[in-house]
Amino acid sequence: MVLPTWRRGRIVLTMGLYDAMYRVGYTPWEHPGPAWTASLARRLDLEESERERPLGRALDVGCGRGQHVPELLRRGWEVVGIDSAPRSIEAARLQGIDGATFVVADVTALPAHDLGTFDFFFDVGCFQHLDAAARARAGRGLSDVATPAATLLMMAFSRPTPIGSFVKGVTPEHVQAAFPGWDLLSVENAETDGMDWPMRTMRPLWMRLRHRA
């Protein structure tokens with residue numbers, strides 16, 4: 001697939017910005033705070049409670065340097081992590097996390113990467129950067145590689161970045177529009193105690209969806 005020039009430029013800009021932030025060491029999304037971490041554990045417990053073992057394959061969408069991958073592996077998932085920022089994927093690979101696969105990939109063109117199918121999708125902070133057209137492509141791509149009754153656990157900020165438009169803000173309506181073949185099971189406020197600025201000002205939401213079999 002050949003991308004239009006404007007979209008290639010936007011992807012390169014986003015990748016470049018993330019690479020620059022990794023380079024200077026400003027990565028507030030990697031330090032969300034203990035309250036948020038505890039809430040994530042509860043939600044992953046729920047994912048496990050509804051399944052039989054083996055749990056299956058999980059796709060960490062926008063995995064960064066793979067900070068959540070060891071926990072997913074520990075819980076019994078077979079994990080693939082994707083990110084559009086080459087520097088973050090390089091750093092994830094250098095950690096030598098046994099049992100995980102890391103791929104530089106564009107979530108808006110997912111089937112092109114031939115990653116197989118997945119039972120669980122985990123997205124902390126990826127979908128929220130996309131415009132409406134890209135969200136629709138991401139929704140179609142994830143749906144194309146979803147097994148029947150697969151689930152998606154997404155954390156996204158519902159308010160845009162205070163300065164500029166790096167994060168655009170995502171509402172449940174945006175998510176439902178991008179995932180018409182999925183049921184929105186729950187929407188909950190994410191815990192912000194201990195989060196760095198500006199993350200705590202942007203009203204993060206946990207959203208959980210299930211693919212219709």
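In this predicted model, E78 touches G56, R57 and A58, not counting residues up to four places away in sequence. E78 lies in strand β2. The C-alpha atoms of E78 and A58 are 5.9 Å apart in space, while the two residues are 20 apart in sequence. With a relative accessible area of 44%, E78 is partly exposed, because exposed requires over 50% and buried under 20%. The strand as a whole is described otherwise: five of the six residues of β2 are buried, so β2 is largely enclosed by the rest of the structure.

The pairing of β2 with β1 is parallel and involves five bridges. Within that pair, A58 of β1 has V79 as its bridge partner in β2. Both strands belong to an open sheet of seven strands with mixed pairing, in the order β3-β2-β1-β4-β5-β7-β6. The edges are formed by β3 (100-104) and β6 (182-189); each has a single partner strand, so one side of each is left without a neighbour in the sheet. From one strand to the next, the twist averages 15°. Strands of a sheet pair through backbone hydrogen bonds, either parallel or antiparallel. The antiparallel case is represented here by β5 and β7, which are joined by seven bridges. One bridge pair between these strands is M154 with M207, the latter in β7.

Two strand pairs of the sheet are set side by side below.

| Strand pair | Direction | Bridges | A bridge pair |
|---|---|---|---|
| β1 and β2 | parallel | five | A58 and V79 |
| β5 and β7 | antiparallel | seven | M154 and M207 |

Helix α5 lies across β1, β4, β5, β6 and β7, and runs at about 145° to β5.

The packing of nonpolar residues is considered next. In soluble globular proteins, nonpolar side chains tend to be buried together. The largest nonpolar core of this model has 31 residues, and those with the most contacts inside it are L59, I82, F121 and F179. Two or more residues each come from β1 (57-61), β2 (78-83), β4 (118-124), α5 (132-144), β5 (146-157), α6 (172-178) and β7 (204-211). Strand β5 gives the largest share of this core, five residues. Apart from this core lies another, of 22 residues, including I97, A100, F120 and F122.

F179 deserves separate mention. Leaving aside its neighbours within four places in sequence, F179 is in contact with F127, G139, L142, S143, L152, M154 and L209. F179 also lines the largest cavity, together with V61, V107, D123, C126, F127, A138, L142, L152 and M154. The elements that give two or more residues to this lining are α5 and β5. About 40 Å³ of space lies in the largest cavity, and the structure holds one cavity of 30 Å³ or more.

L142, one of the lining residues, is also linked to P111 by a C-alpha separation of 8.0 Å, with their positions 31 residues apart along the chain. P111 has its place in the loop between β3 and β4. Leaving aside neighbours within four places in sequence, P111 is in contact with G141 and D144. At 42% relative accessibility, P111 counts as partly exposed, because this value falls between the limits of 20% and 50%.

Conventions: Residues are numbered from 1 along each chain as its sequence is written. This is a predicted model: local features need pLDDT of at least 70, side-chain atom pairs count only at pLDDT 80 or more; totals for chains, interfaces and linings use all residues. Side-chain values use heavy atoms; hydrogens and water are left out. A nonpolar core is a set of buried Ala, Val, Leu, Ile, Met, Phe, Trp, Tyr and Cys residues joined through side-chain atoms within 4.5 Å. Buried means under 20% relative accessible area, exposed over 50%, partly exposed in between (1.4 Å probe, protein chains only). Helices (H or I, at least four residues) and strands (E, at least two) are DSSP runs, numbered from the N terminus. Contact means heavy atoms within 4.5 Å. Two strands pair if DSSP finds at least two bridges between them. Axes are lines fitted to C-alpha atoms, for helices over the stretch in contact, and angles run from 0 to 180 degrees between N-to-C directions. On a 1 Å grid over the protein atoms alone, a cavity is a set of points where a 1.4 Å probe fits but cannot get out, and a pocket is an open set with protein on both sides within 12 Å along at least five of seven lines; lining residues have an atom within 4 Å of a point. Grid points are joined across faces, edges and corners, and a volume is the space filled by probe spheres set on the points.
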